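Student: I would like a close look at one helix and how it sits against the rest of the chain. Please take it step by step.

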Amino acid sequence: MTPSPLFDEVADELVKVFTVDRDAITPDVTLEDLGLDSLALLELTVRFEDETGIELPDTDDAELGTRSTLAEICEALQQALPAGAAAPVFPKEVS
């Protein structure tokens, strides 16, 4: 599965918020593989909702979980965005 355009942003969020090793993040890795739990998935989706103003379906409804690959999670986030919406979604830290 090819990662969505949001993949790099989600990867950056995982590094910044959850201190995940960037080298461990690939499209086929799951949150569980990264040592994260369902609360991390919830926090990631809430951060997405806060930044975009888009309410996502419950992760259960979207069939997302800690065993979903990052490519699947990114695809679900991409599908929630309005047509033509572009990255970045998550804010970049200002130095």
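Tutor: A helix axis is here a line fitted to C-alpha atoms over the stretch in contact, and the angle between two axes runs from 0 to 180 degrees between their N-to-C directions. The model is predicted. The mean pLDDT of the protein chain is 81, with 76% of its residues at 70 or more. Among the elements of the chain, helix H1, residues 7-18, has the highest mean pLDDT, 90, while helix H3, residues 70-80, has the lowest, 85.

Take H1, then. H1 packs against H2 at an angle of about 120 degrees, and their axes lie 11 Å apart. The crossing of H1 past H2 is right-handed. On the H1 side, Val10, Glu13, Lys16, Val17 and Phe18 make the contact, and on the H2 side Ala40, Glu43, Leu44 and Arg47 do. By class, this contact holds five nonpolar residues, four charged ones and no polar ones.

H1 also takes part in the largest nonpolar core, which has 24 residues. Leu14, Ile25, Leu34, Leu36, Leu70 and Ile73 have the most contacts inside that core. H1, H2 (38-52) and H3 each supply at least two of the core residues, and H1 gives the most, with five. In soluble globular proteins, nonpolar side chains tend to be buried together.

Leu14 shows what this involves at a single position. Leaving aside residues up to four places away in sequence, Leu14 touches Thr19, Val20, Ile25, Leu31, Leu34, Leu36 and Leu70. Among these partners, Ile25, Leu34, Leu36 and Leu70 are also listed with Leu14 as residues with the most contacts inside the core.

Methods
Residues numbered from 1 in each chain as written. Predicted model: local features only at pLDDT ≥ 70, side-chain atom pairs only at ≥ 80, totals over all residues. Heavy atoms only, no water. pLDDT = per-residue confidence, 0-100. Helix = DSSP H or I, 4+ residues; strand = E, 2+ residues; numbered from the N terminus. Core = buried A, V, L, I, M, F, W, Y, C linked by side-chain atoms within 4.5 Å. Buried < 20%, exposed > 50% of the residue type's maximum accessible area, 1.4 Å probe, protein only. Contact = heavy atoms within 4.5 Å. Left-handed = near helix turned anticlockwise from the far one by under 90°. Nonpolar A, V, L, I, M, F, W, Y, C, P; charged D, E, K, R; others polar.
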